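Let's take a friendly walk through a protein sheet and the helices that go with it. Have the picture ready and follow along.

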Amino acid sequence: MRVIIFGASGMLGKAALLECLDDTGVSEVVAVVRRPLGLEHAKLRELVHTDFLDYSAIEGDFAGLDACLYCVGISVSGLSEAEYRRVTVELAVAASRAMLKASPGMRMCFVSGAGTDRNGSQMWSRVKAEAEDAMLAMPWRSAHMFRPAAVFPRRGVVSRTPMYRAMYGLLGWAYSPMKALMPGGVTTSDHFGKAMLAVARNGHPLQLLESRDINAVDTSR
């Protein structure tokens with residue numbers, strides 16, 4: 001299986017990348033990045049690209065792909081709705097159109113977030129729902145929206161958002177008690193990466209996977 005990852009420099013994207021590189025069923029991982037990741041692996045091919053609204057220069061590299069793990073995300077703090085929509089919706093749509101043009105049989109696994117709601121009171125939740133709707137309307141083989149809540153980092157991955165990085169640094173010990181108290185509300189980055197890859201490979205009966213559904217994904221196949 002050939003997989004393409006967007007957002008591989010972020011916490012969830014790197015988690016997914018590491019699991020793909022470890023998986024013997026993945027023959028190649030294409031990472032679309034603004035700058036090199038500083039990671040070398042025989043299966044990893046980086047596409048350094050700066051214009052995430054125009055992929056005409058690298059469209060040929062999208063041919064023959066089986067699945068996309070789309071992990072691009074940004075903190076809403078300090079952004080206008082238009083700025084947040086540009087990153088959350090417009091960039092995702094531009095990438096999806098380019099991929100589907102080159103590899104029409106692809107499957108999409110898209111990182112959204114817990115609390116996403118097209119009728120929500122918070123701007124970010126409505127914009128994320130808009131992104132989900134845009135992805136689900138496209139002609140993928142199948143499309144699956146991942147809505148994680150708390151994801152505790154493992155395998156050395158870190159959040160690029162300072163607030164989250166500090167929070168996980170202080171509360172790393174709390175994963176086990178939190179999982180015992182609310183098993184559907186927390187997961188680890190390595191399980192999340194494995195779950196994304198499993199759904200990319202096998203599909204899933206759900207298009208919207210909440211945190212409890214992500215935890216329940218069988219990652220052994």
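The text below goes from the whole sheet to one of its strands and then to two helices.

Keep in mind that this is a predicted model. Its open sheet has seven strands in the order 3-2-1-4-5-6-9, and their pairing is parallel. Strand 3 (44-48) and strand 9 (208-210) stand at the edges with a single partner strand each, so one side of each has no neighbour in the sheet. On average, neighbouring strands of this sheet are turned by 20 degrees against each other, direction ignored.

Now look at strand 2, residues 28-33. Is strand 2 enclosed or open to the outside? Six of its six residues are buried, so strand 2 is largely enclosed by the rest of the structure. In a regular strand, side chains alternate between the two faces of the sheet. Here E28, V30 and V32 point one way, V29, A31 and V33 point the other way, and all are buried.

Strand 2 pairs in the parallel sense with strand 3 over five bridges, and five bridges also join strand 1 to strand 2, again running parallel. Some bridge partners are these:

| Residue | Bridge partner |
|---|---|
| I4 | V30 in strand 2 |
| V30 | R45 in strand 3 |
| A31 | E46 in strand 3 |

Strand 1, helix 1 and strand 2 together make a right-handed β-α-β unit. Helix 1 (residues 11-22) lies across several strands, including strand 2 and strand 3, and runs at about 165 degrees to strand 1. Helix 6 (residues 189-202) lies across strands that include strand 6 (142-147) and strand 9, running at about 155 degrees to strand 5.

Notes: Residues are numbered from 1 along each chain as its sequence is written. This is a predicted model: local features need pLDDT of at least 70, side-chain atom pairs count only at pLDDT 80 or more; totals for chains, interfaces and linings use all residues. Side-chain values use heavy atoms; hydrogens and water are left out. Two strands pair if DSSP finds at least two bridges between them. Helices (H or I, at least four residues) and strands (E, at least two) are DSSP runs, numbered from the N terminus. Axes are lines fitted to C-alpha atoms, for helices over the stretch in contact, and angles run from 0 to 180 degrees between N-to-C directions. Contact means heavy atoms within 4.5 Å. Buried means under 20% relative accessible area, exposed over 50%, partly exposed in between (1.4 Å probe, protein chains only). A crossover is right-handed if, with the strands pointing away from the viewer, the path from the first strand over the helix to the second runs clockwise.
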